[in-house]
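Dear colleague,

I am handing over the structure below, and after it I have written out what was found. Please keep it open beside you while you read.

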Amino acid sequence: MSIIKYNAAFDLLHNNALNLPKKFAFIDDNESINYFDLQEKVKSLSKSLLKLGLNQGDKVIICMHDCINFPISFLGAIWSGIIPVSINTMLPKQDLKYMLEDSGAKAIICSEDLLNNFIEINKELNKDTLLLVNVRKKSIENLNCLNINNLFNEDTKDHLPAITLPRTECFWLYSSGSTGKPKGTIHLHESLINSAKLYAKNILAIKENDIFFSAAKLFFAYGLGNALTFPLSIGGTSILTEARPTVDSVCKIIKKNSVSLFFGVPTLYAAMLNSKLIVEDFQSLRLAVSAGEALPEHLCNKWYETIGCNVLDGIGSTEMLHIFISNSVKEIYPGASGKPVPGYEARLIKDNKKEASVNEIGELEIKGPTSAIAYWNKPEKSKSTFLGQWTRTGDKYTKNKLGVYTYCGRADDMMKVSGQYVSPFEVEAVLQSHNSVIEVAVVGARDKEDLLKPKAYIVLKEGILACKELEQELTELVKATLTPFKYPRWYEFVISLPKTATGKIQRYKLRNK
């Protein structure tokens with residue numbers, strides 16, 4: 001039996017470089033690159049990394065804003081068999097320091113504005129980790145750093161990809177979660193293309209002429225698929241921007257670049273729909289995708305009514321790399337995550353470890369060919385998350401008789417009120433449907449008898465004032481829509497809600513107030 005050799009970078013680049021050499025692969029804020037030049041730069045950087053002393057299996061941290069040099073760095077490392085570790089550019093220095101120590105990375109590739117952080121971290125750790133910086137100048141002042149743009153001049157004629165296998169360790173993504181230290185999530189070479197084959201081709205029907213734009217950045221699992229794996233798997237074009245997404249910037253990018261596939265998160269969709277900037281259809285847009293948190297029913301419906309194209313809600317995770325349960329164009333269930341993507345299996349496990357029946361709440365577990373194999377250096381957490389072929393998600397769901405999965409909340413966000421589970425998400429969705437409300441977070445709080453009851457934190461639309469009459473309206477709305485005991489006992493009106501960089505509401509911060 002012959003061993004099948006497989007390198008993810010080669011797979012995503014080679015055929016496009018041969019068949020679509022002049023087509024743009026990426027367009028960023030300053031430049032564009034075609035498929036032929038993309039592969040040449042990937043190979044050149046790969047060769048340079050090896051000449052600088054890195055070896056197959058070594059780790060290199062990539063902490064870079066979205067630009068063309070990000071995919072070059074990510075794929076260049078993979079071409080060499082070096083393991084890229086993509087991390088969040090918005091993290092505080094102590095988290096960057098932890099990840100450098102935890103991963104044992106031999107090199108760091110970072111954006112120019114992040115360089116000082118890593119210089120300081122090297123000094124604090126008494127390390128001489130190789131620093132490669134993405135700068136646009138011809139030289140940099142710090143002699144201990146190298147400009148990555150000077151590493152694209154190697155002769156690549158005979159530089160073949162490293163000998164790897166489909167299930168060879170390929171790259172890491174750090175999964176932070178709400179508590180504890182960040183976790184290095186280990187993914188395999190076959191995972192990238194599997195996410196494209198199963199989700200992007202089956203659900204999105206991606207095509208060579210598609211133009212992709214993701215509000216979620218490349219260092220997130222969601223963004224990595226949207227803006228790198230999916231377009232490269234089909235020979236499409238991806239739009240990258242260094243800036244954090246705002247309603248104004250997103251609208252301009254979609255219109256300027258005739259984007260056909262847009263990937264966002266619920267908070268961004270809500271902001272876009274509440275903005276006066278959206279007054280005309282995005283004529284180029286054929287489909288939108290939402291993930292990161294469940295998309296409320298009224299946002300799903302309002303997007304279609306306003307924009308004229310569907311938005312498909314789904315759920316994915318860092319551990320599973322991308323979306324594994326989703327709505328599809330033929331089957332849209334507003335307010336629900338949808339059905340398992342072909343190639344994945346799902347099950348719901350109750351607190352008593354038995355499988356949940358129809359409409360019972362259970363913790364979601366997933367089986368599919370994109371799962372990470374473990375968390376780096378965290379055996380106990382790996383053991384509790386990766387259960388053979390199944391992966392625990394930490395999300396509570398119900399499944400109806402049609403096989404449609406509806407999100408209830410994170411396992412640690414669920415609350416029992418009057419002896420029954422209350423999903424914060426279903427209460428939030430009802431409150432957010434009120435025409436005075438932009439965003440909501442519902443958490444459990446203790447009353448004077450020390451019993452757990454729902455409390456709502458609410459962001460109001462501009463010009464709307466908080467008052468007891470509005471609170472009563474919101475209470476009556478929840479009582480009329482849901483089982484009455486689920487209504488919030490307290491309301492707190494706030495300017496903004498705490499969120500992760502992906503737009504997920506950090507309810508644990510509100511619980512701890």
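Is Tyr397 buried or exposed? The model is a predicted one, and in it Tyr397 has a relative accessible area of 1%, which means that this residue is buried, since the cut-off for that word is under 20%. Tyr407 is buried as well, with a relative accessible area of 10%.

These two residues also meet each other, because Tyr397 and Tyr407 form an edge-to-face aromatic pair, with 5.5 Å from centre to centre and 65° between the planes, where over 60 degrees is what counts as edge-to-face. Tyr397 belongs to strand β21 (residues 390–399) and Tyr407 to strand β22 (residues 405–410), so the pair ties together parts that are 10 residues apart in sequence.

Across the whole structure, the search finds 18 aromatic pairs. In one of them, the ring centres of Phe262 and Tyr269 are 5.7 Å apart and the planes stand at 75°, so this pair is edge-to-face; both Phe262 and Tyr269 are buried. There is also an aromatic cluster, formed by Tyr199, Phe212, Tyr222, Phe230 and Phe263.

Phe262 appears again in the largest nonpolar core, which has 62 residues, and the members that touch the most others there are Leu204, Phe262, Met272, Leu285, Trp303 and Leu364. A second, separate core has 48 residues, including Leu13, Phe74, Ala107 and Cys170.

Finally, there are charges over rings to look at: Lys59 lies over the face of Trp376, at 4.8 Å from the ring centre, while Arg347 lies over the face of Trp390, at 4.1 Å from the ring centre.

With best wishes

How values were computed: Residues are numbered from 1 along each chain as its sequence is written. This is a predicted model: local features need pLDDT of at least 70, side-chain atom pairs count only at pLDDT 80 or more; totals for chains, interfaces and linings use all residues. Side-chain values use heavy atoms; hydrogens and water are left out. A nonpolar core is a set of buried Ala, Val, Leu, Ile, Met, Phe, Trp, Tyr and Cys residues joined through side-chain atoms within 4.5 Å. Buried means under 20% relative accessible area, exposed over 50%, partly exposed in between (1.4 Å probe, protein chains only). Rings of Phe, Tyr and Trp (its six-membered ring) pair if their centres lie within 6.5 Å; planes under 30 degrees apart count as stacked, over 60 as edge-to-face and the rest as tilted. Helices (H or I, at least four residues) and strands (E, at least two) are DSSP runs, numbered from the N terminus. A charge sits over a ring if NZ of Lys or CZ of Arg is within 6 Å of the ring centre and within 35 degrees of the ring normal.
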